[in-house]
Amino acid sequence: MKYILFIIMMIQGVLCHAVICKWVSGTTETDNRKVLQMQKDLCGYMWFLTYNGINRYDGVHLKKYDLNVDNAVDSCASYKLCVDNKKELWLLSRDGNVLSYNRLYDRFERYIDLRAATGVMLSYLCLDNRDNAWFSTDKEFYICNLPTKKIYRIRHAFGEIFSLLPVKDWKYYLSSESGIYSFNFSGNTLSDVSSELSDGCYNQVYKMFYSQEADRFVFVDRSEGLGVYDCSAKKLLHSRNNWKEKRVRCLKAFKDKTVLMATEGSGIYCINLENCQITPFLNADLEKESLIHSNRVVDLFVDENRRVWIAGFPNGVFRFDKHMHKTQYTSHPCIYLDNFNVFYQPVTVATKDSPLQLSINYTKVLKLNYNQNTFSFTATSINYDMPEDIVYSWRLNNEAWTTPTKRNVVCFSNLTPGEHLVSIRALSAKNGNPISQRNMLVIIHPPLWQTKGAFLCYGIILALLGMLFVKALRIWKERNLSRETIKVFVNSTKEICMPLTLIKNPLENLCQKYPSDIFKDILQQVKGMDHMLTELVTIGHLSSHPKKLSLLETELTMYLNETIGHLSPLVEQKNIKLHWDGTPGFLRVWIDKEKMTAIIKGILEVIVDCINDGEEIELTTAYTLRNWEMKLEFACNGNLKKKLC
């Protein structure tokens, strides 16, 4: 029976410790075992500063951030992890380099380099409750107000300063090589400097803590041990010389005027500031089932629910709560988005051709190209107590919700161009009640050939093609009509040529037998008519196979000169004057060269044959915006003026 009772007690102890203390590891391979400091930001994320960078924890996953900003050479161990009054995250190096976490871009950025601004070697002291970062040298304070980046220089006579502690109402405690001092800082000056603890005993103080509830000051000296000072009574209440052998890493407020004290080799202790009693709070040797296995505690963090986060070396971070089974766990009321991927490739604000202007968590409207329509991101509702009790579901365009799952990766594939409403919600796995929900509008831009501008161009092109088709159809109809007209005209001309040929031969015989001027004139007119009709038949044959030629101005001038030049012998024989200015007056024309040559030569030959010797022919050219024309003016029978166009 006793063995059964012993086994039950052992099982109960194991289960109890398993609930009380939880190892913070994350599901990724991010190194989280050598933690230097811990903080909690505005969104509820836990941040762990390690030797290899800084990690962010959401209750399930760890995300690593690189601190090599602008090729900075500072090691991670040289930074102090702090939060300001707005719970924004800051990293301040011991020698003046200041980095800020930009939540909108989800990255650390260089905020100010006090080394370059001041030109001196600095030593970091603290970040006070008015967002002033304090640095010092042996003779001066350098105070940088973070919101405004203003730097104040104040001389002091404290010598080498080890630490600085802000308390209340612009009051500070300072430990230096000459002891512990208190002073007020207002108007950029130091006032009310007090040295009630500077009697030469406490000149190696390296840790300090002030409790506003108890109005008591706790300090740890390397040579004198631990002391508790009553600020109201201004007297030392408690001193423990045996603590000089122990290395205290941090002092953090816990509850009910108590302070947690973490040591490197003795575990964690609790100090009651009312009676100055020091009791063990957690000893790793007694908590072997909790997987701590080390009393080397590097840092502590107490959150708003009085849970203690323990950074142990080298086993990482643990969360401890003795009363967890009595408290109701709560989830963060927001859903945070992170780890944005496009076609399974991570994308951040700094990625080349990134669609993100801000980090995915602060992007209200996500605009993607048509070749980025497959993407994913993670959704997280922070719950450090029971993260496995949260499930996630999502939907697209108010359709049915997906089946709730613990896997918080939201994926969408091959979304069509247009606007899509993405909804994500976190649910309780126990009862299905919604915890939180958020929406995001996703716009998929269509490819260039599907844009409104492209369709407008398509419409213009179709309209132009339609106009060209109508014009070509009209030209084709006119050309067919012209060909039919020319065919009828040629046939009629052939019928006329036959009688003229029959008349011409007898007239030639009569002229030879009976020379007479009347017969000669009649024969000349008949020959002219026959020649003209022959040319018209030639034109009809050329019209059936027209050749279109584009000529420039100089080419047209040469063409007209050559065409008229062929008639020079006939014009000179009859002593006829042909006037032409030689300038067409237009730049471009489209003509059927052979057809036009036959027309011009035929008309000029007929005119030359018809007019008397010594008459004049005037040739002029004119043009409009769409047409050009040639005019011939000559005298017929000596007086009558005729014009051909």
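Hi everyone, let's start with a hairpin: strand 18 and strand 19 form it, with four residues between them. In that turn sits Asp215, which has a positive phi of about 55 degrees. Before I go on, please keep in mind that this is a predicted model.

Staying with the hairpin, strand 18 covers residues 205-211 and strand 19 covers residues 216-221; the two run antiparallel and are joined by six bridges. If you want one contact to click on, take Lys207, whose bridge partner in strand 19 is Val220. Strand 18 is also mostly covered, with six of its seven residues buried.

Now let's move along the chain to strand 33, residues 390-396. How many of the residues of strand 33 are buried? Seven of the seven, so this strand is largely enclosed by the rest of the structure. You can see that on both faces: Ile390, Tyr392, Trp394 and Leu396 are buried on one side, and Val391, Ser393 and Arg395 are buried on the other. Yes, there is an arginine in that list, and Arg395 is buried along with its neighbours.

What does strand 33 pair with? Its partner is strand 35, residues 418-428, in the antiparallel sense and over seven bridges. Within that pairing, Val391 stands opposite Leu427.

Step out of strand 33 and you come to the loop that leads to strand 34 (409-412), and this loop is where Glu399 is found. Is Glu399 buried or exposed? It is exposed, at a relative accessible area of 51%; the cut-off for calling a residue exposed is over 50%. Glu399 and Leu421 are 22 residues apart in sequence, while their C-alpha atoms are 9.8 Å apart in space. In another contact, Arg425 lies over the face of Trp401, at 4.1 Å from the ring centre. A second example of a charge over a ring is Lys149, which lies over the face of Tyr111 at 4.5 Å from the ring centre.

That brings me to the salt bridges. As a reminder, side chains of opposite charge can pair when their charged atoms come close. The structure holds 17 salt bridges, and I'll walk you through three.

One is between Asp338 and Arg56, whose side chains meet at 2.2 Å, N to O. Asp338 belongs to strand 29 (residues 336-342) and Arg56 to strand 4 (residues 53-57), so this pair ties together parts that are 282 residues apart in sequence. Both Asp338 and Arg56 are buried.

Another joins Lys63 and Asp106, at 2.8 Å, N to O. Here Lys63 is in strand 5 (residues 62-65), and Asp106 is in the loop between strand 8 (97-102) and strand 9 (107-113), so the pair ties together parts 43 residues apart in sequence. Asp106 counts as buried, at 16% relative accessibility.

My last one is Glu140 with Arg155, where the closest N and O atoms are 4.0 Å apart. Glu140 is in strand 12 (residues 140-145) and Arg155 in strand 13 (residues 150-155), 15 residues apart. The two ends sit in contrasting surroundings: Glu140 counts as buried at 12% relative accessibility, whereas Arg155 is exposed at 60%. And to connect the earlier pairs, salt bridges that share partners join Arg56, Lys63, Asp106 and Asp338 into one network.

On to the aromatics. A pair of aromatic rings is described by the distance of the centres and the angle of the planes. The structure holds 32 aromatic pairs. Take Phe455 and Tyr458: their ring centres are 5.6 Å apart and their planes meet at 85 degrees, so the pair is edge-to-face. They are three residues apart in helix 3, which separates them by about one helical turn. Tyr458 is partly exposed, with a relative accessible area of 36%. Elsewhere, ring pairs link a cluster made of Trp134, Phe141, Phe158, Trp170, Tyr172, Tyr181, Phe183 and Phe185.

Let me finish on helix 3, which spans residues 452-513 and includes Leu456. Leu456 is exposed, with a relative accessible area of 57%. Together with Ile460, Leu464 and Met467, Leu456 forms a nonpolar patch on the surface, with about 420 Å² of accessible area between the four of them.

Thanks for listening, and I'm happy to take questions!

How values were computed
Residues numbered from 1 in each chain as written. Predicted model: local features only at pLDDT ≥ 70, side-chain atom pairs only at ≥ 80, totals over all residues. Heavy atoms only, no water. Buried < 20%, exposed > 50% of the residue type's maximum accessible area, 1.4 Å probe, protein only. Pairing = 2+ DSSP bridges. Patch = residues over 30% accessible without salt bridge, like charges linked within 9 Å, V, L, I, M, F, W, Y side chains within 5 Å. Areas by Shrake-Rupley, 256 points an atom, 1.4 Å probe, with all protein chains shown as cover. Phe/Tyr/Trp six-rings, centres within 6.5 Å; stacked < 30°, edge-to-face > 60°. Lys NZ or Arg CZ within 6 Å of the ring centre and 35° of its normal.
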